[in-house]
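Here are some exercises to work through with the model open beside you. Try each task before you read its solution.

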Amino acid sequence: MTPAAVVLAQEVTLGGNEFTEMLVEGLSLGTIYALLAVGFVIIFKATQVINFAHGAIAAMGGFLVASMATILDIPGRWLPDAPAWVSWVGSVVIALVAMALIGMMLERVFLRPMVGEELFAIAIVTLGLDIVIRNVVNDFIGQFPRPMGDPFALAIFDLGWVRIAHTEALQIAVALATVGAIALFFRSRMGIAMRATAFDQEAARAQGISVGKVFSISWAIGAVLATVAAIFISMFPRRPAGVDQQTAFFAFKAFPAIIIGGLDSIIGGIVGGLIVGLAESAASTYLAFEFLGTGFAGIVPYLLMLLVLLVRPYGLFGTEEIRRV
Amino acid sequence: MKAKSKWLAIFLVLGLILAACGGDGGTDETTTSAESTDTTEDMTSTTEGDMTSTTAGGAGEIATDVGVDLEAGTITVGLLSDLSGVFSSLVQIIVTGHEVYWEQVNANGGIGGLEVVVNPVDTAYDPPTHVQRYEELKDEVVAFGHSTGSPHTVAINDQLQADGILAIPLTWYSGWSDDAINANLLHHGVPYCLESMNIIGYLKDMMGDGLQTIAIASNPGDYGLDSHEGAVLAAEALGLEVVYEGREAINAADEATLTEVANGIVQSGADLAYVTTSPTAFSTIFGTALAQGYQGTWSGAGPSYNPAFIAPDSPIKDAIAASTYWSAYYGLWGMDTPGVQEATQLLTDSGRVEVPVSAYFEGFVEAQIMHAALEQAYANGDMTQAGVLAAAKSLENVALDGLGPDETYVGANNDQVQRASAAIWRPDPEALASGESAGEEVLETDYTNAITEAYEFNEACYSLEG
Amino acid sequence: MRGRPMLYTRYETDQALMNTGTKKLMLALFLVFLILVPLGVIPGVDFLAQDEWLRLLSEVSIYGIAALGLNVLTGLAGQVSLGHAFFMGVGAYTAAWLGAAPGPFNGLGLPIWIWLPAAGIVAAVIGVAVGPTAVRVRGLYLAFVTLGLVFVGEYVFRNWTSLTGGAQTGRTFPPLEFRLWKEETPLIDFVSDGPWFGIELSGEAKTYYLLAVFAIVFVVLSKNLQRTRVGRAFQSIRDRDVAAEIMGVNEAKYKLIAFGISSFYAGIGGALLASFVGRMIPEQWNLFLSVEIIAIVLIGGAGVVTGTILGSVFVILLPRIVEDVTHGLAAIVVEGSGPIAWIGDLFISTGLDDFGFVNTQAGVAPGLSIPQFNQVLYGLLIILFLIFEPLGLYGIWLRIRNYWKGWPFTY
């Protein structure tokens with residue numbers, strides 16, 4: 001696959017406008033966090049599982065895309081005449097289907113036996129799962145990053161007042177489309193079943209809803225969204241060299257997004273993701289003061305999270321738990 | 001409930017088997033180490049006596065204590081390697097380099113007939129584990145062929161001095177050439193600090209007036225800061241204006257710091273961006289700055305680069321090839337020096353090379369320096385831990401035949417310190433794709449810039465104490 | 001009536017720390033065992049007297065102390081925390097400030113009897129100070145608050161260079177030496193070789209004894225806590241917080257106390273760990289340390305003091321045992337004889353083209369390296385214990401004990 005365009009020797013206004021650059025960076029980060037957060041919230045809503053393995057699953061998905069697109073060249077090897085983007089989209093679709101199946105399998109094997117146990121115990125199971133998946137995936141990734149093999153390369157839209165990479169534009173578009181798709185999904189029969197299950201598992205079951213199926217599908221959606229996020233993490237300009245052994249840790253920044261939005265609110269996940277992305281970007285642009293040391297922008301999401309919890313202990317959009325004696 | 005208890009039973013049985021095996025392993029261990037201590041006691045007592053018949057090669061009496069077993073004919077060298085931490089991919093290759101090198105030495109008669117065995121253990125790039133592993137190995141090995149990581153090596157430095165054991169730090173911190181802390185350590189390769197001077201000096205010579213301003217950004221710790229100090233000194237010596245300085249500004253694990261540094265570089269519009277960090281962080285800063293239209297030249301300390309940058313599917317391969325320049329601590333794959341040619345041959349013959357990368361040579365360099373020290377100790381007739389240390393510290397002009405610059409361990413700091421980069425090079429994606437090299441186009445070999453030559457090295461550029 | 005097990009005539013006996021004679025006997029035997037270990041005189045486990053194993057056992061004590069703290073918070077009071085590593089860091093840096101010799105970084109050179117308790121107290125005070133946020137949120141939200149604490153703490157540690165030595169650099173910590181005040185030679189030195197009461201001991205053995213004593217003290221304190229008013233209040237909050245409050249247990253107050261006690265243990269554990277290792281970098285007080293402590297508590301059995309200690313032994317020694325077993329098996333496979341070699345060969349990869357799950361040639365042979373395999377095993381164990389034996393190792397022990405108690409009957 002050859003890069004579509006190498007933008008090197010091009011007249012540009014350096015850095016563009018500080019504010020718009022900040023906005024683009026914030027949106028680009030924010031949509032990644034939102035994709036991770038929404039997958040996470042869907043799993044939590046349907047199955048009451050806090051999935052600490054989300055980052056590891058994302059890395060696995062990213063690696064699968066890389067293997068399909070560059071290492072195994074599937075389906076490209078059978079389509080020698082197809083344009084680069086067709087075979088790449090083919091690779092991504094295959095990887096997404098595979099990840100949906102893997103997501104279902106993980107739920108069935110490791111989390112189904114925990115149904116009805118304490119939420120914290122279940123969360124720790126996913127912490128164990130994170131360790132296992134991360135180490136195995138990292139062994140597969142190996143010493144060198146694995147590029148995504150995408151056809152966008154370094155192409156950039158330069159609008160004068162802002163510069164935005166094709167990958168980033170695609171990412172924002174895909175994130176919007178995903179949100180739309182999820183909204184539609186929740187109006188479908190399966191989506192309604194999922195909402196019912198989230199509301200009350202036993203009552204849903206009594207109504208003839210296959211709760212097990214709901215669990216499986218929620219994990220499939222979660223794994224797919226995590227993979228989509230991983231693809232965008234591992235492309236130009238964020239990780240141009242591709243998915244590597246550190247990719248699994250990216251998801252830790254999505255946690256404050258989830259909490260700010262509220263653990264059980266999909267809208268919350270999206271809003272939280274965008275807030276965290278924009279806050280981080282703004283902090284790194286406007287709060288780069290000497291006395292704050294290194295990495296202040298990186299903890300701004302956590303500080304925001306603590307602040308939100310002080311005011312609203314269930315997040316901005318989360319539902320307050322009604323406790324019985 | 002039934003199924004659950006069945007599972008439990010299976011699990012319990014497995015646990016018991018595991019425990020049983022553990023016991024076995026443990027006892028095995030004790031018997032062997034008990035044996036070795038016995039023999040070493042024998043040996044130390046006999047060296048004063050008359051038992052010289054066991055010394056191989058008949059080179060006279062050889063004093064031994066730990067790690068040299070004259071009866072079995074082995075010398076054990078320990079490796080404190082990061083086999084599971086952040087640098088594991090690199091260090092695994094380096095360990096292979098050690099093993100291949102010693103295989104060849106042993107095949108050619110070893111050291112006076114004694115075979116050298118390396119014993120790599122995993123430190124996980126974690127200081128507590130590093131210290132623990134040191135404790136485990138110190139009673140089994142004659143010296144340490146490498147010790148991964150600077151804070152980690154400093155963590156065992158006091159113990160090394162107390163126990164009188166030699167170690168080769170696997171980092172290029174300038175402090176290893178500083179006699180304030182290097183009593184038991186051997187430096188090798190150009191330190192980060194002088195490396196910065198070499199490569200920035202080279203670029204100034206090449207670019208002339210095209211290089212007036214520099215942006216410097218670094219990781220925290222000895223790696224980033226030693227390199228950072230060198231870059232600042234180079235800028236001073238060359239009259240470059242430092243238009244952006246991100247001292248310790250990069251935390252590779254924190255996305256926001258990478259954006260911050262990239263923004264800083266872009267806004268400064270520097271002619272040269274000198275960024276010392278991890279490869280992942282380098283690629284992110286590079287990509288982000290590129291997306292914002294930055295067009296300067298790039299460089300940084302060697303470990304910031306990864307061959308994957310110019311892999312056939314990498315989107316940035318052409319950009320990296322067009323704008324980055326690097327300095328090397330050890331020879332590059334395919335370089336035209338006798339040392340490199342010979343090492344390449346050995347590695348290829350061993351069949352253990354998956355991808356041709358130069359990191360194997362780092363293992364060779366460490367092993368060759370250790371080899372020189374062991375030979376000297378053997379010649380001195382003292383192969384105790386202290387004897388090997390003393391022998392190593394007396395080495396002058398260890399010839400590496402272009403696998404790396406020659407090393408000297410006698411004299412003042414300024415005389416000992418390594419000034420030469422093994423090579424100055426730029427990435428070459430086509431060469432990588434064709435498989436003929438690791439994608440490194442060599443521009444200079446054994447290179448020392450005038451400003452590096454003129455620099456008076458009296459102490460570590462960045463102090464790592466406390 | 002006397003001498004019958006499980007028959008108590010007084011409430012005090014029921015609540016006693018050692019409520020049966022067998023327990024007293026076992027404890028006495030265990031203490032003798034602990035004392036004899038470094039002397040290498042117990043057949044079968046004499047290898048434990050080697051420096052490397054003594055260091056691992058010392059680590060068991062340290063992690064055990066830290067995990068006992070989490071056991072109070074999670075096991076007794078039912079509060080979830082991912083922030084234990086942060087409090088360990090606070091303890092370590094308090095110890096460094098007070099105890100380390102003056103030098104490039106903050107250090108007052110005070111003796112251990114000041115810096116060690118202070119490490120616990122400062123950690124506890126900070127624990128209580130962040131408590132109000134923690135008390136306000138519940139359950140899983142609390143997990144995330146404490147997660148945030150770890151990240152914010154790491155940021156502070158990385159940047160507070162004058163105290164912590166700075167990111168990737170770190171600093172040294174006070175050694176385990178007992179001084180009355182700032183005199184030159186310590187009164188008792190737990191780190192260097194030398195005789196004690198006429199017995200020649202290595203520094204590792206002395207460190208082991210010291211840390212074993214600390215561990216025993218904290219075990220007793222923990223055990224005792226369970227049968228106090230505070231301990232019972234914790235358990236009532238864990239079992240049903242609203243009910244506890246209706247019964248007059250001040251929920252907020254007791255949660256704060258639980259945080260304080262837990263952080264105190266963590267602070268002591270962190271100070272001992274840093275002092276034991278000698279040099280730590282600020283990045284080490286991270287989420288993975290917290291997870292390791294959680295794993296100890298859960299694998300051992302949440303809420304049970306004995307379980308926590310068992311968990312610590314298990315989690316700390318397992319990697320070493322796996323490594324020895326793998327190398328042992330690999331040796332058998334290479335020699336290649338018998339059924340063990342055949343089965344081992346399926347499992348271990350010894351060459352470049354040899355299939356296996358684990359390899360002895362990291363980076364070149366197929367399969368996971370031993371350290372990676374250890375990590376995977378560790379993750380799997382966390383999962384398997386939670387799924388199959390939520391009471392952890394202690395639960396397994398209970399089953400074995402009950403089986404033999406009733407033997408030959410199965411009930």
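Helices (H or I, at least four residues) and strands (E, at least two) are DSSP runs, numbered from the N terminus. Please keep in mind that this is a predicted model.

**Exercise 1. Unusual backbone in chain A**

Task: Find where A:Asp73 lies, and decide whether it is buried, partly exposed or exposed.

Solution: Start with the location: A:Asp73 sits in the loop between H2 and H3 of chain A. Next, look at the backbone. Phi of A:Asp73 is near 55°, which is positive although the residue is not a glycine. Then count neighbours. A residue needs 20 or more other C-beta atoms within 10 Å to be buried, and 12 or fewer to be exposed. A:Asp73 has 17 C-beta neighbours inside 10 Å, so it counts as partly exposed.

Continue along the chain to A:Pro75, which lies in the loop between helix H2 (54-71) and helix H3 (84-111) of chain A. The peptide bond from A:Ile74 to A:Pro75 is cis, with omega near 0°. For another cis bond, go to A:Phe236 and A:Pro237, where omega is also near 0°. A:Pro237 is in the loop between helix H8 (211-233) and helix H9 (254-261) of chain A.

**Exercise 2. A loop residue in chain B**

Task: Work out whether B:Asn397 is buried or exposed.

Solution: First place the residue: B:Asn397 belongs to the loop between helix H12 (385-392) and helix H13 (413-416) of chain B. Its phi is near 50°, a positive value in a residue other than glycine. Now count: 11 other C-beta atoms lie within 10 Å, so B:Asn397 is exposed.

**Exercise 3. A strand residue and its surroundings**

Task: Say whether B:Leu80 is buried or exposed, and list its contacts beyond four places in sequence.

Solution: B:Leu80 is part of strand E3 (residues 74-81) of chain B. With 30 other C-beta atoms within 10 Å, B:Leu80 is buried. Setting aside neighbours within four places in sequence, B:Leu80 is in contact with B:Val121, B:Thr123, B:His130, B:Arg133, B:Tyr134, B:Phe144, B:His146, B:Ser147 and B:Thr148. B:Ala249, by comparison, is 169 residues from B:Leu80 in sequence and 29 Å away in space, C-alpha to C-alpha.

**Exercise 4. A sheet in chain B**

Task: Give the strand order of the four-strand open sheet in chain B, then name its edge strands.

Solution: The order is E8-E7-E9-E10 (chain B), and the pairing is parallel. Strand E8 (241-246) and strand E10 (297-299) of chain B are the edges, as each pairs on one side only. On average, neighbouring strands of this sheet are turned by 20° against each other, direction ignored.

Now move inside the sheet. Strand E7 (residues 213-218) and strand E9 (residues 272-276) of chain B run parallel and are joined by five bridges. One residue to look up is B:Ile214, whose bridge partner in E9(B) is B:Leu272. Finally, helix H6 (residues 221-238) of chain B lies across E7, E8 and E9 of chain B, at about 165° to E7(B).

**Exercise 5. Two helices from two chains**

Task: Describe how H3(B) packs against H3(C), and classify the pair as roughly parallel or roughly antiparallel.

Solution: Helix H3 (residues 127-137) of chain B and helix H3 (residues 51-76) of chain C have axes 8 Å apart and an angle of about 155°. Angles over 145 degrees count as roughly antiparallel, so H3(B) is roughly antiparallel to H3(C). The contact involves B:Gln132, B:Glu135 and B:Glu136 of H3(B), together with C:Asp51, C:Glu52 and C:Arg55 of H3(C). By class, these residues comprise no nonpolar, one polar and five charged.

**Exercise 6. What touches chain A?**

Task: For chain B and then chain C, find which helix gives the most residues to the side that touches chain A.

Solution: Take chain B to begin with: 40 of its residues are in contact with 44 residues of chain A. H7(B) gives the largest share of that side of chain B, eight residues. By class, the side has 17 nonpolar, 17 polar and six charged residues.

Turn to chain C, where 36 residues are in contact with 35 residues of chain A. Here H6(C) gives the most, with 13 residues. This side of chain C has 26 nonpolar, seven polar and three charged residues.

Technical notes:
Residues numbered from 1 in each chain as written. Chains lettered and ligands numbered in written order. Predicted model: local features only at pLDDT ≥ 70, side-chain atom pairs only at ≥ 80, totals over all residues. Contact = placed C-beta atoms within 7 Å. Nonpolar A, V, L, I, M, F, W, Y, C, P; charged D, E, K, R; others polar. Pairing = 2+ DSSP bridges. Axes fitted to C-alpha atoms, helices over the stretch in contact; angles between N-to-C directions. Parallel < 35°, antiparallel > 145°, perpendicular 65-115°, else oblique.
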